[in-house]
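This report looks at how strands and aromatic rings are arranged in one protein model. Please have the sequence and the structure open while you read.

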Amino acid sequence: QVQLVESGGGLVQAGDSLRLSCALSGRTFSNYAMAWFRQAPGKEREFVAGISKSGLTTGSADSVKGRFTISRDNAKNTVYLQMSSLKPEDTAVYYCAARSATYYSERQYEYMYWGQGTQVTVSL
């Protein structure tokens, strides 16, 4: 019943910024901790950033620290991933995920709902 829809992906140049959005529908957004994962070609899906139900607690992977920021607007049922200083290595399909818990997890299996992903391509 919960649906997640990502948007905001696209083709950008190295050094550019991009903001991804993920809208949740079907249930009360504030009941879910949220996270962003990504999967690059030939690689396994990896954790990018997570945020607690309230938005008070956040975390991110070392590879994106200082460049990516996760946030949420519970009034808009939306979680965001603000990406800056993008690198070609950031090229991947980005997925948002939701779990019915207070805090986010870095483990994929902890998430019960997933979006279909949005492609981010960073050119050289």
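## A buried ring

F37 has a relative accessible area of 0%, and F37 is therefore buried. The model in which this value was computed is a predicted one, and the sections below follow F37 to its ring partners before turning to a sheet.

## Aromatic pairs around F37

The structure holds six aromatic pairs. In one of them F37 and F47 meet edge-to-face, with 5.6 Å from centre to centre and 75 degrees between the planes. This pair links distant parts of the chain, since F37 belongs to strand β4 (residues 33-39) while F47 belongs to strand β5 (residues 46-51), and the two are 10 residues apart. Both F37 and F47 are buried.

F37 also forms an edge-to-face pair with Y111, where the centres lie 5.4 Å apart and the planes make an angle of 75 degrees. Here too distant parts of the chain are linked, for F37 is in strand β4, whereas Y111 is in the loop between β9 (92-99) and β10 (113-114), 74 residues away. Y111 has a relative accessible area of 5%, and because buried means under 20%, Y111 counts as buried.

## The ring cluster and R45

Which residues do ring pairs link into a cluster? They are F37, F47, Y104, Y111 and W114. One member of this cluster, W114, also has a charged residue over its ring, as R45 lies over the face of W114 at 4.9 Å from the ring centre. R45 lies over the face of Y95 as well, in this case at 3.9 Å from the ring centre.

## A sheet of four strands

In general, the strands of a sheet pair through backbone hydrogen bonds, and the pairing can be either parallel or antiparallel. In this model an open sheet is built from four strands in the order β1-β3-β8-β7, and the pairing is antiparallel. Its edge strands are β1 (3-7) and β7 (68-73), each of which pairs on one side only. From one strand to the next, the twist averages 15 degrees.

Strands β1 and β3 (residues 18-25) run antiparallel and are joined by five bridges, and across this pairing V5 stands opposite A23 in β3. S21 also has its place in strand β3. Is S21 buried or exposed? The relative accessibility of S21 is 15%, so S21 counts as buried. Apart from neighbours within four places in sequence, S21 is in contact with V5, E6, S7, W36, T78, V79 and Y80.

Note on methods
Residues are numbered from 1 along each chain as its sequence is written. This is a predicted model: local features need pLDDT of at least 70, side-chain atom pairs count only at pLDDT 80 or more; totals for chains, interfaces and linings use all residues. Side-chain values use heavy atoms; hydrogens and water are left out. Two strands pair if DSSP finds at least two bridges between them. Axes are lines fitted to C-alpha atoms, for helices over the stretch in contact, and angles run from 0 to 180 degrees between N-to-C directions. Buried means under 20% relative accessible area, exposed over 50%, partly exposed in between (1.4 Å probe, protein chains only). Contact means heavy atoms within 4.5 Å. Rings of Phe, Tyr and Trp (its six-membered ring) pair if their centres lie within 6.5 Å; planes under 30 degrees apart count as stacked, over 60 as edge-to-face and the rest as tilted. A charge sits over a ring if NZ of Lys or CZ of Arg is within 6 Å of the ring centre and within 35 degrees of the ring normal.
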